[in-house]
Amino acid sequence: MGKKDKTLKDVLDLILYENPSTQDEIAEKLGISRRYVTQLLQPLVKDGTVKRAYMIDLKSYEEIVSSVGNYATTKNNMGNALINDMLDNMAKHVHSQLEMSFDAVLEYDEDKANKALEMDYATNNMVEKIRTSVETIVSLNKHSEISKSILYNEMAYDLERVGDYCGHIAKFVINDIYEVDGNVLKKLKKMYKTAQSMISLSMRAFIEGKTELKDDLMELEETIHIMQSKAINLIATQMAESTFDEKERSNYFIYLFRLIKAFKRIGDISVEMMDVAVEFHDNIPRPTTPRTFR
């Protein structure tokens, strides 16, 4: 593989997996000049392989990387591996988004809260990239199981939903004027760590086929329910001891309940993601009863 071909593949992989927003960002991450990035991308932008906002047509991507070597797998396996990588990258991004959101609460840092909200734009962009990639794989492989391919989209949408709830957590800092009480914060820390673990387990089950992790996940779900009840009871006690002469104090408790609910919903979504993994790998259909009524 020539140096230019390798650099082109590096540029395409960076666009595919890391969602850069500008050519300057691509150049900085790869340690090359912006002018060279422009030189490599210009013909691909013209023929539609790379679209503005830096999205790649997966069929063209396969043709390009196959022409420069290093691909011995079938197109179908390569396409599935690419989407698995994209999902894995999206999960890592959402983990970071949740971490940034909760750090904003811990440190009562409005700048971090705003950064967490900005991260949601990348999360949404990743969903669109996965959706278009799945459509391409289905169109390329006439023998693909469309129902299973669609499950990739469901995992991406579930991660996007987790990202939305990260936004709810970050907005607590932006919307409220009170820091969280220390005793409540201890419960929230436990819910946060449990939620992060639940996301990791459900993603491992889907990416690696380790559906036996469902038992561990359900134990964590029980933990997050218990911590939710303890946090709500503690807040209820604080509410009973408070006066509501000030509107801000009343809003504080409302926003605090939303924050707790956000962690609970992230846990619920993680269980739904595990159900998708079990359907994908074990061919066991997901329950049709909504999660809140099970």
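## A pair in helix α8

E208 and R204 sit together in helix α8 (residues 182-208), four residues apart, or about one turn of the helix. The two side chains form a salt bridge, with 3.8 Å between the closest N and O atoms. A quick word before going on: this is a predicted model.

How open to the surroundings are these two partners? E208 has a relative accessible area of 45%, so it counts as partly exposed. R204 is partly exposed as well, at 33% relative accessibility.

## Salt bridges elsewhere

How many salt bridges are there by this rule? The count comes to 13. One of the helices to look at next is α2 (residues 23-30), where K29 and E25 are four residues apart, about one turn of the helix. Their side chains meet in a salt bridge, at 3.4 Å from N to O. K29 has a relative accessibility of 44%, which makes it partly exposed. E25, at 21% relative accessible area, is also partly exposed, because buried means under 20%.

Helix α5 holds another such pair: D88 and K92 lie four residues apart there, about one turn of the helix. The closest N and O atoms of this salt bridge are 3.4 Å apart. D88 is partly exposed, with 30% relative accessibility. Beyond pairs, there is also a network of salt bridges that links E128, R131 and E135.

## H95 in helix α5

Stay with helix α5, which covers residues 75-107 and includes H95. Is H95 buried or exposed? Its relative accessible area is 18%, and the cut-off for buried is under 20%, so H95 is buried.

Which residues does H95 touch, once its neighbours within four places in sequence are left aside? The contacts are Q196, I199 and S200. For anyone viewing the structure, H95 is a handy place to start, and those three residues can be selected along with it.

## Helix α9: length and buried side

Helix α9 runs over residues 214-240, which gives 27 residues. Does its length agree or disagree with the expected span? At 1.5 Å a residue, the helix should span 39 Å, and its end C-alpha atoms are 39 Å apart, so the two values agree. The expected span takes 1.5 Å times one less than the number of residues.

Several residues of α9 are buried, among them L217, E221, I224 and M227. Further along the helix, Q228, A231, I235 and Q238 are buried too.

Definitions and conventions
Residues numbered from 1 in each chain as written. Predicted model: local features only at pLDDT ≥ 70, side-chain atom pairs only at ≥ 80, totals over all residues. Heavy atoms only, no water. Helix = DSSP H or I, 4+ residues; strand = E, 2+ residues; numbered from the N terminus. Buried < 20%, exposed > 50% of the residue type's maximum accessible area, 1.4 Å probe, protein only. Contact = heavy atoms within 4.5 Å. Salt bridge = Lys/Arg side-chain N within 4 Å of Asp/Glu carboxyl O.
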